[in-house]
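Open the model in your viewer and keep the selection tool at hand. The tour makes a few stops, one selection at a time.

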Amino acid sequence: MSGLTDLFERLRSIVFRRRDERELDEELAFHATMEAEQLERAGYTASDARRQSLIALGGIERVKEDARDARGTRTFHDIGRDFGFAVRTLAHNPGFATVAILTLAVGIGGTTAVFSAVDAVLLQPLPFQEPGQLARLYQADSAYPADRQFVTPVHFVDYRRELGAFDAVAALYTYSETGGDIGEGDDVRRIRVLPVTSGYFDVVRVPPKLGRGFQPDEENGELLVVLSDRLWRERFHGDREAIGQRLTMNGRPYTVVGVMPAEFEDPIAGPTDVWVPLDLGPARDPDNAENHYLSVIARLRPGVSITRAQAELDRLNATLGARYADASDAVARLDPLKEDVVGSADRALGIMLGAVAMVLVLVCVNIANLLLVRGSDRAREFALRSALGAERTRLVRQTLIESVTLALAGAIVGVIVARFAMSAIVALGADSIPRLSELTLAPRLLAFSVVIATLSAIGFGLAPAFRAAKADPGDVLRVETRSSTSTGSQMRLREWLVVSQVALAFVLLVGAGLLILSLKNLRDVNLGLKTSGVLTFELHLPDARYDSTARARFYEEVAARLSEIRGVSAAAGVSRLPATGNYHVWGTRAMSGPLVNTERGAMQAQQRVVAGDYFAAVGIPLVEGRLFDTRDDATAPLRMVVSRRAADLLFPGVRAVGERIRAGGRTAEVIGVVGDVALDARGDVVPYVYHAHRQFAGNRNWALTQVLRASGSTAGLQADVRRTLAALDPQLVVYKPAELGDVIGRSEAQRVFTLQLLTTFAGVALALAALGLFGVLSYGVRLRGREFGIRMALGADRRKIRRMVLREGLTVTAIGTVIGLLGAIALSRLLTSMVFGISALDPLVMLGAVAFMTLVAAIAAYLPAHRATSAEPRSILQ
Amino acid sequence: MAGEPGELLQGTLEMMVLKTLSLEPMHGWGIAQRIQQMSKDVFLVSQGSLYPALIRMKRRGWLTTSWRVTENGRRARYYELTPAGRKQLGVEQTSWQRMSDAVNWVMGARLATDGGRR
């Protein structure tokens with residue numbers, strides 16, 4: 001209690017210092033008056049009495065000082081004065097102050113911005129309750145357990161029934177063809193529909209804000225709908241009475257059973273307009289045990305780890321493997337949902353975090369260097385003040401306060417830098433890094449960076465201060481400008497700091513070099529396509545106005561009309577753009593040829609539905625046979641085109657054209673073999689099967705993406721496209737127009753993002769290392785200016801001296817580079833998954849980094865070397 | 001405990017201030033005078049030790065202060081014991097009693113004769 005009172009009184013005294021002083025004056029004056037009156041009564045004259053009373057009291061000032069001590073505020077008082085002094089001292093040396101504050105600002109700002117990005121994307125959980133319990137379930141071929149396949153309805157139902165580890169589990173149908181038409185007549189519009197099973201709302205733990213979700217007995221395609229907040233406001237004007245009302249979709253009357261909260265967004269499908277019950281009817285057909293099309297998310301029971309759930313799943317896999325012996329890709333695995341959403345950004349951001357940490361260390365080292373130089377510069381000043389009677393604690397305290405002042409200024413500028421850096425990061429990566437748009441400046445991360453930078457400023461500011469305070473002032477003053485033993489050891493310390501800087505910068509340089517080359521290799525990958533000069537956009541047809549026959553005709557019509565636009569050489573539609581990942585992976589088997597009825601004759605292949613002149617439009621060559629044409633319509637026998645890889649796998653050693661295959665439950669004749677297309681931008685080649693839209697339009701509304709090959713540039717094409725489409729159907733929208741190269745590159749945008757940031761960091765690191773080297777050498781030259789002057793006066797060759805300084809700089813660089821090289825080798829394992837077509841230990845990159853580092857070091861060392869010898873010896877010696 | 005007027009140990013001064021203020025609230029000069037009187041002019045309390053002591057004691061929460069007008073019309077800062085201060089006085093009195101008893105036992109015989117002379 002009394003401790004608290006004490007603290008409170010001290011703090012009060014700081015705040016009311018003036019009043020306390022005034023009151024003390026008055027109190028002491030009163031005391032003196034009373035004393036004088038008493039003395040007067042005892043017979044002294046008034047002035048004598050006054051004098052006597054003062055003597056009796058002891059010096060007034062002394063009393064006041066003692067009283068201040070008693071108030072316990074003297075330290076605070078002095079610290080306030082030291083702050084003022086620190087600001088003045090720093091202002092006297094604006095060069096030093098600017099460099100130090102900017103270095104700190106870069107460190108604090110840059111680090112915080114990137115930490116915040118990593119935090120928002122990686123460390124912050126999904127915006128759901130207990131996100132750690134959320135998992136995504138994939139199926140995979142037991143031979144390729146890393147593969148991630150969608151889940152079959154048959155397996156889903158079994159998982160749901162038999163897994164005790166799940167609190168709730170749900171299947172979603174996330175394919176983009178699941179659109180719905182709403183509105184009437186000319187006003188028909190296509191909206192995004194997400195079919196889900198009843199457990200969906202329990203998995204995400206977001207119940208509808210109005211009404212209810214779905215029941216298990218409604219998982220049969222019942223006409224029920226849960227609205228998004230947006231559609232609820234648009235169609236029902238936010239009326240709570242919307243529940244139970246009707247929403248006409250695809251011409252069928254759906255009953256509104258619920259409305260989701262505005263802030264809810266599906267973790268996998270993204271923005272959704274309505275949720276409908278998924279039809280689990282196909283689960284009753286064992287044939288569908290090979291039909292992978294569901295996305296499955298689960299919430300684990302509280303306290304159940306993903307490892308434990310996986311163990312249970314593994315046991316179930318064995319049982320199900322026996323039950324559906326024919327099923328391929330039937331091994332199931334669980335991934336944390338967060339990992340699934342963030343995906344491989346994980347590693348990119350992890351690497352960035354490492355790069356940022358290195359830059360932060362570099363900043364601290366630079367600050368250390370700056371303060372050490374300053375410390376040795378001020379050794380004399382401190383010695384003088386100490387000789388004049390300044391207390392050592394006082395000198396140390398003053399240095400401390402100066403460091404804190406610097407750190408505070410750096411922190412303030414750092415926050416500004418952080419703001420700018422964050423906008424830059426968002427602008428750079430918003431498209432490629434999921435959830436980056438949620439980026440905000442995290443206060444605790446800012447605090448972390450500020451604390452680290454402040455600690456380094458204080459630590460390295462205090463070291464020389466303590467040394468200076470300990471040193472005998474006489475020694476320091478006598479030594480004057482000659483280098484003393486203490487500055488010699490400081491010099492060595494500083495050289496080691498520069499070595500560490502060079503090493504860190506080197507590692508970042510190697511990282512940036514590897515990524516630059518990877519990106520180049522990636523661009524050179526042969527995707528089996530001609531990606532340049534291809535415009536793409538999505539075209540969704542409302543079912544209400546377009547039945548399957550109309551769709552089959554219309555997509556061909558669109559392609560024909562679009563290809564008539566001047567500057568367009570081919571136009572087509574496709575269910576999914578090439579080289580953009582897995583889509584409609586269906587079981588495919590040879591129905592004739594050497595592998596008929598064998599295990600090898602069955603496999604999973606990418607299925608694409610095409611309209612128009614697809615292969616010409618994206619530049620896939622015909623290898624054998626023919627392509628689809630007007631002969632292949634709904635009335636003709638089913639025909640398919642396969643990729644060369646598919647032909648080789650299904651019909652080894654024989655001519656594929658004329659053989660028969662079965663895919664998607666349809667048996668067809670192979671009429672042509674086309675060139676291979678990569679699965680994604682990395683260039684992995686997988687088998688493809690192509691279906692003619694004219695023959696397959698009845699299966700579903702394929703929502704074909706249009707592709708247009710321009711003979712020249714695609715610029716200006718969009719206006720013609722809109723005009724052409726408006727002439728065909730004014731209600732249609734050109735949705736998501738983009739260059740094919742950009743669409744494919746999108747999956748690599750993450751790598752570009754990482755690359756840009758890492759290159760920036762490498763640049764900053766290099767600049768900091770160069771600055772450090774420059775600082776150390778300049779300082780060394782200044783210390784030895786006298787020595788150089790004498791040498792030159794005695795006839796030493798200027799070039800020799802210059803070489804000496806240069807050699808010193810390059811030695812430090814060489815040691816740092818060797819250490820950096822070892823570091824890069826040690827870290828190469830981390831980079832392996834980020835590099836492409838190149839070893840993480842690529843000798844060319846290593847050599848290049850060495851050369852670049854040396855070049856920068858040579859420049860940083862040349863300036864001081866030049867300065868060492870450019871002055872006239874006489875002017876130095878005087 | 002010299003017979004001459006002199007400086008006091010800090011703790012002793014504080015104890016005497018507490019004792020003085022236990023009688024009535026008083027200003028600094030009054031406290032000094034009262035101690036001088038009560039000690040029969042043995043202790044002359046200097047301003048230099050009194051005021052720091054008062055501030056310290058206030059910091060510990062033993063005293064509160066208020067500005068009042070003295071009987072002859074001057075403004076002065078009056079010090080008053082808080083309950084904590086009163087308790088502290090009890091503590092100090094007990095420990096002082098124990099200590100002076102102990103010193104008396106040690107110095108027993110001579111003290112008796114000294115006492116006799118006075």
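Start with helix 10 of chain A, residues 306-323. At 1.5 Å a residue, its 18 residues should span 26 Å. The end C-alpha atoms lie 25 Å apart, so expectation and model agree. Keep in mind that this is a predicted model.

Stay on helix 10 of chain A and show its side chains. Which residues are buried here? They are A309(A), Q310(A), E312(A), L313(A), L316(A), N317(A) and L320(A). An α-helix has 3.6 residues a turn, so residues three or four places apart point the same way.

Now add the partners. The buried residues of helix 10 pack against four elements of chain A: strand 1 (134-140), helix 7 (153-162), strand 10 (295-300) and strand 11 (331-336).

Next, move to the surface of chain A. Select V818(A), L822(A), I825(A) and L841(A). Together they form a nonpolar patch with about 360 Å² of accessible area. Center on I825(A), which sits in helix 26 (residues 798-831) of chain A. Is I825(A) buried or partly exposed? Its relative accessible area is 44%, so I825(A) counts as partly exposed; buried would mean under 20%.

Last stop: chain B. Color it by secondary structure. Chain B has 4 helices and 3 strands, and along the sequence they run α-β-α-α-β-β-α. Of its 118 residues, 42% count as buried. Now turn on contacts. Among those in chain B with a separation of 6 or more, 50% join residues 24 or more positions apart. Finish with the surface: chain B exposes about 7000 Å², and carbon and sulfur atoms supply 56% of that area.

Technical notes:
Residues are numbered from 1 along each chain as its sequence is written. Chains are lettered from A and ligands numbered from 1 in the order in which they are written. This is a predicted model: local features need pLDDT of at least 70, side-chain atom pairs count only at pLDDT 80 or more; totals for chains, interfaces and linings use all residues. Side-chain values use heavy atoms; hydrogens and water are left out. Helices (H or I, at least four residues) and strands (E, at least two) are DSSP runs, numbered from the N terminus. The expected span of a helix is 1.5 Å times one less than its number of residues. Buried means under 20% relative accessible area, exposed over 50%, partly exposed in between (1.4 Å probe, protein chains only). Contact means heavy atoms within 4.5 Å. Patches are made of residues with over 30% relative accessible area and no salt bridge: like charges are joined within 9 Å, nonpolar side chains (Val, Leu, Ile, Met, Phe, Trp, Tyr) within 5 Å. Accessible areas come from the Shrake-Rupley method with a 1.4 Å probe; for residues, only the protein chains shown count as cover. A salt bridge is a side-chain nitrogen of Lys or Arg within 4 Å of a carboxyl oxygen of Asp or Glu.
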